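This report looks at a positive surface patch and at pairs of aromatic rings, with attention to the criteria behind each assignment.

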Amino acid sequence: MDTTAQVTEAQTQWIIRLLNFWRIFSRNRIGLAGLAMLILLIFVAVFAPLIAPYDSSSSASVKIGDVYNPPSSSHWFGTDDAGQDVFSNFVFGSRVSLTVGFFAAFISIIIGGSLGLVAGFFGGRMENFLMRFTDIMLVIPDLPLMVVIVALTKPSLLNIIFVIGLLGWTTTARVVRSQTLAVKSRKFVLRARAVGAGKRHIISRHILPLVMPILVVQAVLVVSLAILNESALSFLGLGDPTALSWGQMLNYAFSRGAMSIGAWWALFVPGFGIVWVVLGLTLLGQGLEQILNPRLDTHHLMPGRPIVRGDAGEASEKNSLLEVRNLSINYVNNGKPPARAVENISFSLKEGELIGLVGESGCGKTTLMLALLRLLPSAGQIVNGRVIFNGKDLTTLSEEEINVVRWKDISIVFQGAMNALNPVRTVGEQIAEAITKHLPGFPRDQRLQERVIELLDLVGIAADHKDHFPHQYSGGMRQRAMIAMALACNPQVIIADEPTTALDVMIQAQILELLDSLRKKLGLAIIFVTHDLGVVAEMCDRVLVMYGGVTAEYADVDIIYNDARHPYTQELLKAFPDLTKPKKKLSSIPGYPPRLDALPVGCRFAPRCPQAFERCHREQPILHKLNNPQSAAHIASCHLLEASK
């Protein structure tokens with residue numbers, strides 16, 4: 001009974017989706033016009049024996065005077081060189097042309113789409129091999145190769161379909177590969193990996209839906225090219241002599257003197273058929289692309305839319321939920337020295353604690369956060385250190401094992417919520433995805449939808465927004481939706497990577513208040529990446545200040561604000577307005593953070609430091625554990641601190 005009920009429910013869902021699709025598609029005039037043109041031609045092809053006034057295969061009653069007769073009441077589009085009715089030949093010829101076009105295009109799209117997806121997603125040697133093979137096939141002109149192959153084989157309709165299909169995939173492969181590369185780098189794909197989705201799931205549910213509009217457009221072009229290639233082969237006398245197509249009609253008209261005697265109708269009718277089907281498919285493809293990619297139809301500007309010294313880094317604290325020990329990350333570039341993005345970073349996180357990670361852009365904050373969940377890009381490599389979570393070293397886990405930890409134990413709120421949400425799937429579906437991935441026993445019925453609504457309500461989003469697409473949300477709502485998604489599997493740790501970027505001041509305050517209240521309510525531990533020292537002062541328990549990929553200073557928040565020891569931390573505080581000191585003069589730090597592939601020899605802050613001396617420019621300082629009675633762990637890296645230990 002349960003199985004039958006599930007099947008019935010699935011069928012009902014499909015019917016509802018089809019009805020919704022048709023409801024949306026029916027409003028697209030361009031798509032409807034293309035569909036109508038295509039349906040009309042298919043109707044003509046299917047019911048050719050009933051529509052054609054004459055039998056195209058019979059010429060028994062044809063007389064010499066019937067050759068190339070102009071249009072008349074008995075022959076609406078005149079006759080050809082054999083005295084046969086051109087309209088009847090056109091009707092029967094549509095069967096062959098459409099069959100070749102659609103079947104050959106289907107073969108080309110399957111081959112080209114599959115190779116493009118595989119090459120773009122997996123990359124590496126597989127991509128190089130597939131793309132070099134594609135390049136070789138592109139160098140060889142399609143039509144001459146088709147001519148040779150068809151000439152060496154029996155010129156049958158089946159052979160022509162396979163030859164055109166097997167040689168017409170190269171452009172599709174390159175276009176799909178380019179689109180896949182672009183989509184693969186989007187934040188919502190990274191988020192799907194963080195949820196624990198496998199490669200097949202990511203390709204089918206996240207990449208393919210965004211590649212599909214490109215495939216639709218390519219299908220239109222390939223159908224057109226297939227019909228034109230068949231016409232060219234037939235024109236050269238390599239078509240199936242037993243199958244009358246529009247190409248054969250053009251061949252007979254050109255080779256048998258239609259132009260010399262002014263019988264334009266013999267050329268116009270099959271040419272019109274080719275133009276008709278290409279135009280119809282083009283309009284249909286454009287309409288489908290608008291439906292398959294909702295962002296083409298609606299956007300936010302439309303009216304009515306919601307506006308240690310030694311081993312200080314090895315120190316282990318009691319009751320730590322997450323420990324990062326001497327973590328180092330390089331970005332590897334062939335032929336060039338590695339970019340040391342993160343070097344010997346250590347910190348710990350207790351249950352219910354909020355640690356702030358601050359520093360200028362380019363200091364390695366986001367790289368460090370991505371490394372905790374092993375979500376670094378292919379060029380990023382963890383070259384040293386450990387990430388201990390509940391007794392497990394996350395740096396040594398397999399992909400399957402780390403997938404269990406991602407999102408269920410440690411989740412992440414990515415910077416830029418719009419890029420982290422799939423634009424062609426509803427927000428409710430994307431929240432449910434995390435639940436079904438990590439809680440396979442969770443009922444996939446009404447209770448799943450109730451859980452999604454519960455999560456949205458927790459972050460202040462009404463239930464009726466569940467089925468909206470990300471572009472229908474405001475910036476603050478998208479960020480709240482990402483927080484709801486991060487809470488979907490009740491994680492112990494949440495990484496918030498600049499969650500208030502590009503939001504206005506009021507929305508920022510709401511998001512920060514929401515995160516803080518959820519931390520206290522649910523007992524979450526949070527790693528908060530930010531540039532705003534005011535937020536750090538208000539929310540955080542401890543602060544890790546990074547500069548040039550290394551630890552500048554690490555201590556309790558009160559120590560950082562009242563007894564900062566590193567010059568970089570001091571300079572950051574000078575640039576931060578203090579309401580208790582209204583007459584305080586703000587100052588900026590001159591210069592820029594160092595390039596990770598061209599780091600200075602000594603202290604990385606020395607070129608900008610107002611207190612730097614000769615040693616700072618030749619020797620990199622080590623981490624010093626400072627004696628501070630107000631803090632259990634106060635660590636900083638500066639040569640000036642050696643005398644104060």
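The sections below treat the aromatic pairs and then the charged patch of what is a predicted model.

## Aromatic pairs

A search of the whole structure finds eight aromatic pairs. In one of them, the ring centres of Phe133 and Trp169 are 5.8 Å apart with planes at 20 degrees, and the pair counts as stacked because planes under 30 degrees apart fall in that class. This pair links distant parts of the chain, since Phe133 belongs to helix H5 (residues 124–139) while Trp169 sits in the loop between helix H7 (157–167) and helix H8 (170–184), 36 residues apart. With a relative accessible area of 39%, Phe133 is partly exposed, whereas Trp169, at 4% relative accessibility, counts as buried.

The rings of Tyr547 and Phe605 have their centres 5.1 Å apart and their planes at 80 degrees, so this pair is edge-to-face. Here too distant parts of the chain are linked: Tyr547 lies in strand E9 (residues 542–547) and Phe605 in the loop between helix H22 (567–574) and strand E11 (624–625), 58 residues apart. Both Tyr547 and Phe605 are buried.

Ring pairs also join Phe268, Phe272 and Trp276 into a cluster.

## Positive surface patch

Arg17, Arg205, Lys437 and Arg444 form a positive patch on the surface. Of these residues, Arg444 is located in the loop between helix H16 (427–438) and helix H17 (446–458). Arg444 has a relative accessible area of 58%, and is therefore classed as exposed, the cut-off being over 50%.

How values were computed:
Residues are numbered from 1 along each chain as its sequence is written. This is a predicted model: local features need pLDDT of at least 70, side-chain atom pairs count only at pLDDT 80 or more; totals for chains, interfaces and linings use all residues. Side-chain values use heavy atoms; hydrogens and water are left out. Patches are made of residues with over 30% relative accessible area and no salt bridge: like charges are joined within 9 Å, nonpolar side chains (Val, Leu, Ile, Met, Phe, Trp, Tyr) within 5 Å. Accessible areas come from the Shrake-Rupley method with a 1.4 Å probe; for residues, only the protein chains shown count as cover. A salt bridge is a side-chain nitrogen of Lys or Arg within 4 Å of a carboxyl oxygen of Asp or Glu. Lys and Arg count as positive and Asp and Glu as negative; His and the chain ends are not counted. The place of a charge is taken as NZ of Lys, CZ of Arg, CG of Asp or CD of Glu. Helices (H or I, at least four residues) and strands (E, at least two) are DSSP runs, numbered from the N terminus. Buried means under 20% relative accessible area, exposed over 50%, partly exposed in between (1.4 Å probe, protein chains only). Rings of Phe, Tyr and Trp (its six-membered ring) pair if their centres lie within 6.5 Å; planes under 30 degrees apart count as stacked, over 60 as edge-to-face and the rest as tilted.
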